[in-house]
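Visitor: I'm new here and would like to look around. Could you show me the structure and explain the words people use for it?

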Amino acid sequence: MTDKLNELTAAGVAVWLDDLSRVRLSSGGLDQLRREKHVAGVTTNPTIFAKALSDADEYNWQLRDLATRGIEVEESVRMLTTYDVRWACDVMRPSYDGSDGVDGRVSIEVDPRVAHDSDRTVAEAKALWWLVDRPNLYIKIPATEEGLSAITDTLAEGISVNVTLIFGLDRYSAVMEAFLAGLEQAKANGHDLSKIGSVASFFVSRVDSEVDKRLEKIGSDQAKALKGKAAIANAQLAYERYSEVFSSDRWKALAAAGAHPQRPLWASTSTKNPDYRDVIYVEELIAPGTVNTMPEAVIHAYADHGETRGDTITGAYDAARKVFADLESVGVDMDDVIVTLEREGVEKFEASWQELLDGVRKSLEAAANGKGAPNKAAKGNAKAAEKAGGA
């Protein structure tokens, strides 16, 4: 049988898993995906951790200890999540070593409630970096306007960064600028640039969800014919900008000093519309030097029936621009789409973070009363968080 995921990897796409749980770690499931499905990295977010904590039995011993010590809820969340991320970093270490530090990365996100506070974001990034204490860690920082300076300042400290919640082209250009500035400062600060990694998480399926909703409301045949086209076109044009930035003289100077490029990472790649092919956001976004982070179901779907047709991005720029022109002609304001998605993205992760806090609080209370962690309560929180979606 053809190894479709190996073909995808050979085409230059790093396959990452958009999920993590202690069950996955303790069962050896993550290591199996690394060995058998070419999974070369892991992304997490508050939604994923809220869901993971619903498997309360796996966390009971730690929750009991935290409750006995009287550790507050927010610090308990950090101890629980960094424990899992540290473990995952160790599982993925062979991929990290085998790729000279490019892959084998595991991401953990700063508290999304501080997404609009640059100083607090940097402070938390530094705390998470030393708390996990693994070279193959990524600190996830949302690409809000305030997050841009935090990205630069965090990289300047020699800390690797996964920039998340990128929806629009102009913001993506600003993220790449923040990355270059951060590496330049890191170099000036004496850091080894070859040890610093970064990806820019460009969200995909949520763009179609928002645009399709607007197209449906417009209701014309011309509008409906554009459904399912915006997200891929948006990502393809993002890759065009990536190609331009990372062929510039400014980048070449950093590369000569040992720097690795900030790869575009396609996030939110599970289809939200059942009418769309389940691997469309993988097949149509194949190009060298990219990452595609997928839920396990999408990884298995691609292994079963995915088609690797070579580079499906670099020859599509003109067609992508036409999609944008057509969207504008039928009345879709893409600038407003991007603003809406960024606001909702931060709000959804804030809601998931609150669900996570609430679930851990109930679990700590139950553990303190000698009742163990309440699976049902935690699972109820996880279901609410899962609805928020995300990558």
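Guide: Gladly! This is a predicted model, and we can start with Ser-268, which counts as buried because its relative accessibility is 3%.

Visitor: What makes 3% relative accessibility count as buried?

Guide: Buried means under 20% relative accessible area. Ser-268 has 3%, so it counts as buried. You will find Ser-268 in the loop between β7 (263-267) and α15 (280-283).

Visitor: What is the phi of Ser-268 near?

Guide: It is near 55°, a positive value in a residue other than glycine. Asp-100 also has a phi near 55°, positive although the residue is not a glycine. Asp-100 sits in the loop between α7 (93-98) and β3 (105-109).

Visitor: How do you know whether Asp-100 is buried or exposed?

Guide: The cut-off for exposed is over 50%. Asp-100 has a relative accessibility of 63%, so it counts as exposed.

Visitor: Why is Met-79 called partly exposed?

Guide: Partly exposed covers what lies between under 20% and over 50%. With a relative accessible area of 24%, Met-79 therefore falls into that class. Met-79 belongs to helix α6. Setting aside neighbours within four places in sequence, Met-79 is in contact with Gln-62, Leu-66, Arg-69 and Ile-71. The C-alpha atoms of Met-79 and Leu-66 are separated by 8.9 Å, and the two residues are 13 apart along the chain.

Visitor: Why are α6 and α8 called oblique to each other?

Guide: Helix α6 (residues 73-91) and helix α8 (residues 118-132) pack at an angle of about 55°, with axes 9 Å apart. Roughly parallel needs an angle under 35 degrees, and roughly perpendicular runs from 65 to 115. The angle of about 55° is in neither range, and α6 and α8 are therefore oblique. The crossing of α6 past α8 is right-handed.

Visitor: Which residues make the contact?

Guide: From α6 come Arg-78, Thr-82, Val-85, Arg-86 and Cys-89, and from α8 come Glu-124, Leu-128, Leu-131 and Val-132. By class, this contact has five nonpolar, one polar and three charged residues.

Visitor: What makes strand β4 mostly covered?

Guide: Six of the six residues of β4 (residues 137-142) are buried. On one side these are Leu-137, Ile-139 and Ile-141, and on the other Tyr-138, Lys-140 and Pro-142, which leaves both faces covered.

Visitor: How do you know that β3 and β4 pair?

Guide: Pairing needs at least two bridges. Four bridges join β3 to β4, and these strands run parallel. Glu-109 has Lys-140 of β4 as its bridge partner.

Notes. Residues numbered from 1 in each chain as written. Predicted model: local features only at pLDDT ≥ 70, side-chain atom pairs only at ≥ 80, totals over all residues. Heavy atoms only, no water. Axes fitted to C-alpha atoms, helices over the stretch in contact; angles between N-to-C directions. Helix = DSSP H or I, 4+ residues; strand = E, 2+ residues; numbered from the N terminus. Parallel < 35°, antiparallel > 145°, perpendicular 65-115°, else oblique. Left-handed = near helix turned anticlockwise from the far one by under 90°. Contact = heavy atoms within 4.5 Å. Nonpolar A, V, L, I, M, F, W, Y, C, P; charged D, E, K, R; others polar. Buried < 20%, exposed > 50% of the residue type's maximum accessible area, 1.4 Å probe, protein only.
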